[in-house]
Amino acid sequence: MNKALRKAIIAGNWKMNKTRPEAKELIEALKPLVKDASCEVVACVPFTNLETVLAAAEGSNIKVGAQNCHFETSGAFTGEISADMLKEMGVEYVIIGHSERRQYFGETDETVNKRLKAALNAGLKVILCVGEMLADRENGITAELVALQTKIALKDVSAEELKNVVIAYEPVWAIGTGKTATAQQANEVCAIIRGVIESLYGKAAADGITVQYGGSMNAKNAEELVAQPDVDGGLIGGASLKAEDFSVIVKAASNG
Ligand code: PEP
């Protein structure tokens with residue numbers, strides 16, 4: 001499949017890090033380093049940093065994302081944020097179904113589907129995370145599990161809506177562990193996900209969808225990972241907190 005048909009995206013997932021002054025400082029440091037990027041650059045930041053980061057990134061090529069949203073538009077859901085609230089602020093992307101939400105906050109494939117649809121309905125672009133646990137890989141069920149997660153997450157999503165979905169393959173055993181999937185492993189599962197998209201939506205949709213790899217991607221290993229034929233950039237946790245490291249990954253994806 002032709003990589004040139006789709007957009008590589010490097011998205012930072014800051015997780016629960018950075019106060020507002022620290023967030024501003026990081027974006028200001030990042031702006032000159034990524035200004036010539038030919039891939040898309042996204043910073044997915046804590047809710048409390050959104051306004052600061054939107055202002056700091058204005059006029060630059062850095063797009064802003066959140067890390068979750070609720071599936072209802074409003075109501076009695078203490079502590080939650082709706083997709084409409086994010087959209088109204090000017091937020092463009094939202095991560096849905098990150099493995100930390102699935103592991104620590106009871107997120108299921110069904111709630112991932114509900115949140116994803118709410119985000120699309122609000123006009124947001126979604127970075128949908130899927131990936132297996134170490135035990136799943138050892139039991140040889142990675143392909144089935146990732147296919148299932150992808151299918152359930154995309155239930156009742158139209159081909160038109162799919163254009164606003166990016167999928168991040170994130171093996172849970174590689175997130176924040178320093179253990180990266182090999183480039184071959186990453187490519188193999190990204191290709192499986194693309195195959196699932198082809199079975200659901202056809203070849204053009206499969207050729208066009210951005211499938212990222214995420215899991216301990218850093219300035220040293222990014223080049224090999226993003227050069228893989230089915231890997232269209234990355235979702236970056238730890239290494240997105242340092243402007244220099246993140247910009248090296250952005251450069252790798254701009255060349256790859
Ligand atoms: C992530 O949080 O999505 C992630 C990939 O984290 P890390 O790069 O730190 O493994």
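The shell around the ligand comprises four nonpolar, eight polar and two charged residues. The structure examined here is a predicted model. Of the 14 residues that surround the ligand, those that come nearest are K15, E170, G176, S216 and G237.

Several polar backbone atoms approach the ligand. A polar backbone atom of G176 is found 2.6 Å from an oxygen atom of the ligand. For G237, the distance between a polar backbone atom and a ligand oxygen atom is 2.8 Å. G238 likewise places a backbone N or O atom 2.9 Å from an oxygen atom of the ligand. The ligand taken alone exposes 290 Å², of which 96% is buried by the protein.

Two of the residues that come nearest to the ligand, K15 and G237, were examined further. K15 is situated in the loop that lies between β1 (residues 9-13) and α1 (residues 20-34). When residues up to four places away in sequence are left aside, K15 is in contact with P46, Q67, H98, E100, I175 and G237. One of these partners, E100, is separated from K15 by 85 residues in sequence, while the C-alpha atoms of the two residues are 9.4 Å apart in space.

G237 belongs to the loop between β8 (residues 233-236) and α12 (residues 243-255). With residues up to four places away in sequence again excluded, G237 touches N13 and K15. V172 lies 65 residues from G237 in sequence, and the C-alpha atoms of this pair are 12 Å apart.

The strands of the fold were considered next. Eight strands form a closed barrel with parallel pairing, in the order β1-β2-β3-β4-β5-β6-β7-β8. Within this sheet, neighbouring strands are turned against each other by 25 degrees on average, with direction ignored. The pairing can be illustrated by strands β2 (residues 40-44) and β3 (residues 62-66), which run parallel and are joined by four bridges. V41 has I62 of β3 as its bridge partner.

Helices also pack on the sheet, among them α9 (residues 183-201), which touches β5, β6 and β7 (residues 211-214). The direction of helix α9 makes an angle of about 145 degrees with that of β6. Helix α7 (residues 142-153) lies across β5 (residues 125-130) and β6 (residues 165-169). Relative to β5, helix α7 runs at about 150 degrees.

How values were computed
Residues are numbered from 1 along each chain as its sequence is written. This is a predicted model: local features need pLDDT of at least 70, side-chain atom pairs count only at pLDDT 80 or more; totals for chains, interfaces and linings use all residues. Side-chain values use heavy atoms; hydrogens and water are left out. A residue is near a molecule or strand if one of its heavy atoms lies within 4 Å of it. A polar contact is a pair of N or O atoms within 3.5 Å; within protein, one must be able to donate a hydrogen and the other to accept it, and residues adjacent in sequence count only if both atoms are side-chain atoms. Accessible areas come from the Shrake-Rupley method with a 1.4 Å probe; for residues, only the protein chains shown count as cover. Ala, Val, Leu, Ile, Met, Phe, Trp, Tyr, Cys and Pro count as nonpolar, Asp, Glu, Lys and Arg as charged, and the others, Gly among them, as polar. Two strands pair if DSSP finds at least two bridges between them. Helices (H or I, at least four residues) and strands (E, at least two) are DSSP runs, numbered from the N terminus. Axes are lines fitted to C-alpha atoms, for helices over the stretch in contact, and angles run from 0 to 180 degrees between N-to-C directions. Contact means heavy atoms within 4.5 Å.
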